[in-house]
Amino acid sequence: MIEQIDGRNTRIKDVREIKLKRINLSNGALTAINSVSDIPFEINRVYYLYDVPNNSDRGAHGHRELYQLIVAASGSFEITLYDGHDSKKYVLRQPDEGLLIPPGLWRDLKNFSGGGICLVLASMLYSEDDYIRDFSQYERFKKGN
Ligand code: TYD
């Protein structure tokens, strides 16, 4: 496990777009993600968003300590990250590309394509205490309050 970063101090520059290995087989492709060696955290939870209507927004929260790797396992969607100062929009559409999100960033997901699947590998088990769901509270968190 990499050193836990304080979510208050993280910025957009700490986000990494990770190219995952694509194994091409005669009968399709395969991508494997190995805990710790391919991504800088131990995977403790996997979840995925699916059947998301095109006009629905997801996310709209920050995490205090959670690291995540997000992959468009199928289809595509947009994710906008905000660090209290700057924001950046990413379009995920390749199953062999991952977005590594450190703790402390606000995220909004939208524009899911039909059949879009957002696969999330997470460093921690689900804990509602790790969420910041109120935007004003998030802004205060990033200012150290
Ligand atoms: P939430 O993380 O708010 O969804 P999203 O960011 O995709 O819009 O979670 C939605 C609901 O699912 C919420 O009631 C908590 C529950 N949930 C779990 O029970 N376990 C999990 O691992 C996650 C991510 C959510």
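**View A. Polar contacts between the ligand and the side chains of Arg 133, Tyr 131 and Arg 58.** A polar side-chain atom of Arg 133 is placed 2.8 Å from an oxygen atom of the ligand. The model is predicted: local features require pLDDT of at least 70 and side-chain atom pairs count only at pLDDT 80 or more, while totals for chains, interfaces and linings use all residues. Residues are numbered from 1 along each chain as its sequence is written, and side-chain values use heavy atoms, with hydrogens and water left out. In the side chain of Tyr 131, an N or O atom lies 2.6 Å from an oxygen atom of the ligand; for Arg 58, the corresponding distance from a side-chain N or O atom to a ligand oxygen is 3.0 Å. The ligand taken alone exposes 530 Å², of which the protein buries 60%. A polar contact is a pair of N or O atoms within 3.5 Å; within protein, one atom must be able to donate a hydrogen and the other to accept it, and residues adjacent in sequence count only if both atoms are side-chain atoms. Accessible areas come from the Shrake-Rupley method with a 1.4 Å probe, and for residues only the protein chains shown count as cover.

**View B. The shell of residues around the ligand.** Arg 45, Tyr 47, Leu 49, Arg 58, Gly 59, His 61, Tyr 126, Tyr 131 and Arg 133 surround the ligand (a residue is near a molecule or strand if one of its heavy atoms lies within 4 Å of it). By class, the shell holds four nonpolar, two polar and three charged residues; Ala, Val, Leu, Ile, Met, Phe, Trp, Tyr, Cys and Pro count as nonpolar, Asp, Glu, Lys and Arg as charged, and the others, Gly among them, as polar. At least two shell residues come from each of strand 4 and strand 5 (58-63). Helices (H or I, at least four residues) and strands (E, at least two) are DSSP runs numbered from the N terminus.

**View C. The open sheet that contains strand 5.** Five strands are arranged in the order 8-7-10-5-12 with antiparallel pairing; two strands pair if DSSP finds at least two bridges between them. Strand 8 and strand 12 (131-132) are the edge strands, each pairing on one side only. Strand 5 is joined to strand 12 by two antiparallel bridges, with Gly 62 opposite Ile 132 as bridge partners. Towards strand 10 (residues 106-110), strand 5 forms three antiparallel bridges, and Arg 58 has Leu 109 as its partner there. Ala 60, also in strand 5, has a positive phi of about 60° although it is not a glycine. Its relative accessible area is 34%, so Ala 60 counts as partly exposed (buried means under 20%, exposed over 50%, and partly exposed in between, with a 1.4 Å probe and protein chains only).

**View D. Strand 7 and its partners, strand 8 and strand 10.** Strand 7 (residues 77-82) runs antiparallel to strand 10, to which five bridges join it; Glu 78 stands opposite Lys 110. Six bridges link strand 7 to strand 8 (residues 87-92), again antiparallel, and Thr 80 is paired with Lys 89. These two strands form a hairpin with four residues between them, and Gly 84 in the turn has a positive phi of about 100°. Leu 81 belongs to strand 7 and is buried at 0% relative accessibility.

**View E. The open sheet that contains strand 4.** The order of its five strands is 1-9-6-11-4, and the pairing is antiparallel. Strand 1 (16-19) and strand 4 (45-49) stand at the edges with a single partner strand each, so one side of each has no neighbour in the sheet. From one strand to the next the twist averages 25°, where axes are lines fitted to C-alpha atoms (for helices over the stretch in contact) and angles run from 0 to 180 degrees between N-to-C directions. Strand 1 is joined to strand 9 (residues 97-101) by four antiparallel bridges, and Arg 16 has Leu 100 as its bridge partner.

**View F. Thr 10 and Val 36, outside the strands.** Thr 10 lies in the segment before strand 1 and is buried, with a relative accessible area of 0%. A polar atom of the Thr 10 side chain is 3.1 Å from the backbone oxygen of Gly 7. Val 36 is in the loop between strand 3 (28-30) and strand 4. The phi of Val 36 is near 75°, a positive value in a residue other than glycine, and Val 36 is partly exposed at 42% relative accessibility.
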